[in-house]
Amino acid sequence: MKIKGKTVLVTGSGRGIGRSIALRLAQDGANLALVDMMPDGISAVANEIKALGGRAITFTADVSDPQQITAAVESTVHELGGMDIMINNAGIALIGPLIDTEPAAVERVMRVNVNGVLWGIQAAARSFKARSIPGKIISGCSIAGHEGYALLGVYSATKFAVRALTQAAAKELASDGITVNSYCPGVVGTDMWVEIDKRMAEVTGAKVGETYDKFVNNIALGRAQTPEDVAAFVSYLAGPDSDYMTGQSIIIDGGLVYR
């Protein structure tokens, strides 16, 4: 339990990958601050953590609003006595041809996937600097941050942006002892991929499930990724074994994209 006693804030932690990250880090001994727009999800996750003997608090917040994410960070420090690790996990998908993409849809996904990560980095860095601690900032990226995918063009662009923010923040914050990295999952069995597969079917005429199966069949390890696979890697990024790593956006996809 290498992060025992550390305090971690995880955005988008009410379900999917965020939930698994929160549960894994609780098992690792961390105290959790759970942030999501949907209070029911994070309340359920908090109860799971408490059943494990861990400590968890919840905040309902929109990560695209810098004031709300800053308030969540400040409340975490106040209620849990500090914050050592920030995980910008919240994200949404946008599926469809670039030629048909509407401005409102682009603005929404950019606000959450790009602005949300930026405001999270900003709020965490300010908190770490104010308390003179060498914190860790970890953000959710994607294989789509390394390769642009047809019908996922805008989503891919947001994840390329996460890589850029990760690199720039790592360079700017290194002198304060703050590390900044991101994790890049592939095809994960979550609600997001259910939605991606459904929309792909609508756009391409494929049967529901065919797009998902096509991607999974190209994974070298022969199976779809689980949220727990991602959480295990985030556990490494959150722990001391990754202290000499910064500015990296690492692919963990079972062997689908190679860089």
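Leaving aside its neighbours within four places in sequence, with which residues is I21 in contact? In this predicted model, the partners of I21 are V10, I87, N89, Y183, A231 and V234. I21 itself belongs to helix α1, which covers residues 16-27. With a relative accessibility of 1%, I21 counts as buried, because the limit for a buried residue is under 20%. A position elsewhere in the chain gives a sense of scale: D100 stands 79 residues from I21 along the sequence, and the C-alpha atoms of the two are separated by 35 Å.

One partner of I21, N89, leads to the next part of the structure. N89 sits in the loop that joins β4 (85-88) to α4 (103-131). Its relative accessibility is 13%, and N89 is therefore classed as buried. Neighbours within four places in sequence aside, N89 makes contact with V10, T11, G12, I17, G18, I21, G140 and Y183. V10 and Y183 thus appear among the contacts of N89 and also among those of I21.

N89 is also named in a record. In an unreviewed entry, UniProt lists a "binding site" made up of D36, D62, V63, N89, Y155, K159, P185, G186, V187, V188, G189 and T190. These residues span 155 residues in sequence, and the two C-alpha atoms farthest apart are separated by 25.4 Å, so the listed residues do not all gather at one spot. Of the listed residues, D36, D62, V63, N89, Y155, K159, P185, G186, V188 and T190 are included in the lining of the largest pocket.

Among the listed residues, D36 may be considered next. D36 is found in strand β2, residues 31-36, and counts as buried at 14% relative accessibility. Apart from neighbours within four places in sequence, D36 is in contact with G12, S13, G14, I42, F59, T60 and A61. With S13 there is a polar approach: a polar atom of the D36 side chain lies 3.4 Å from the backbone nitrogen of S13. G12 is a contact of D36 and is likewise a contact of N89.

Y155 carries a second annotation. The unreviewed UniProt entry places the feature "active site" at Y155. This residue is found in helix α5, and its relative accessibility of 9% makes Y155 buried. Not counting residues up to four places away in sequence, Y155 touches I92, A93, L94, N113, S142, A144 and M192. Helix α5, residues 153-173, also holds T158. T158 is buried, with a relative accessible area of 0%. Its contacts, with neighbours within four places in sequence left aside, are V109, M110, N113 and V114. N113 is therefore touched by T158 as well as by Y155.

The cysteines come next. How many disulfides does a search of the whole structure find? The search finds 0. C141 is in no disulfide, and the nearest cysteine sulfur, that of C184, is 3.7 Å away. That distance is too far for a bond between C184 and C141, because a disulfide requires the two sulfur atoms to be within 2.5 Å. C141 is buried, with a relative accessible area of 5%, and C184 is buried at 0% relative accessibility.

Helix α7 shows how burial can be arranged around a helix. In α7, residues 210-217, the buried residues are T211, F215 and V216. Viewed down the helix axis, the buried residues of α7 fall within an arc of 130°, so they line one face of the helix. An α-helix has 3.6 residues a turn, so residues three or four places apart point the same way. On the other side of α7, K214 and N217 are exposed. The cover over the buried residues of α7 includes α6 (191-204).

Two backbone angles complete the account. Most residues other than glycine have a negative phi. S132, which is not a glycine, has a positive phi near 55°. S132 is placed in the loop between α4 and β5 (136-140) and is exposed, with a relative accessible area of 67%. L151 is likewise not a glycine and has a positive phi of about 70°; L151 lies in the loop between β5 and α5.

Terms used:
Residues numbered from 1 in each chain as written. Predicted model: local features only at pLDDT ≥ 70, side-chain atom pairs only at ≥ 80, totals over all residues. Heavy atoms only, no water. UniProt positions renumbered as here; feature names shortened; annotations may be inferred. 1 Å grid on protein atoms, 1.4 Å probe; cavity = no way out; pocket = protein on both sides within 12 Å on 5 of 7 lines; lining within 4 Å. Helix = DSSP H or I, 4+ residues; strand = E, 2+ residues; numbered from the N terminus. Buried < 20%, exposed > 50% of the residue type's maximum accessible area, 1.4 Å probe, protein only. Contact = heavy atoms within 4.5 Å. Polar contact = N/O pair within 3.5 Å; in protein donor to acceptor, adjacent residues only side chain to side chain. Arc of directions from axis to C-beta.
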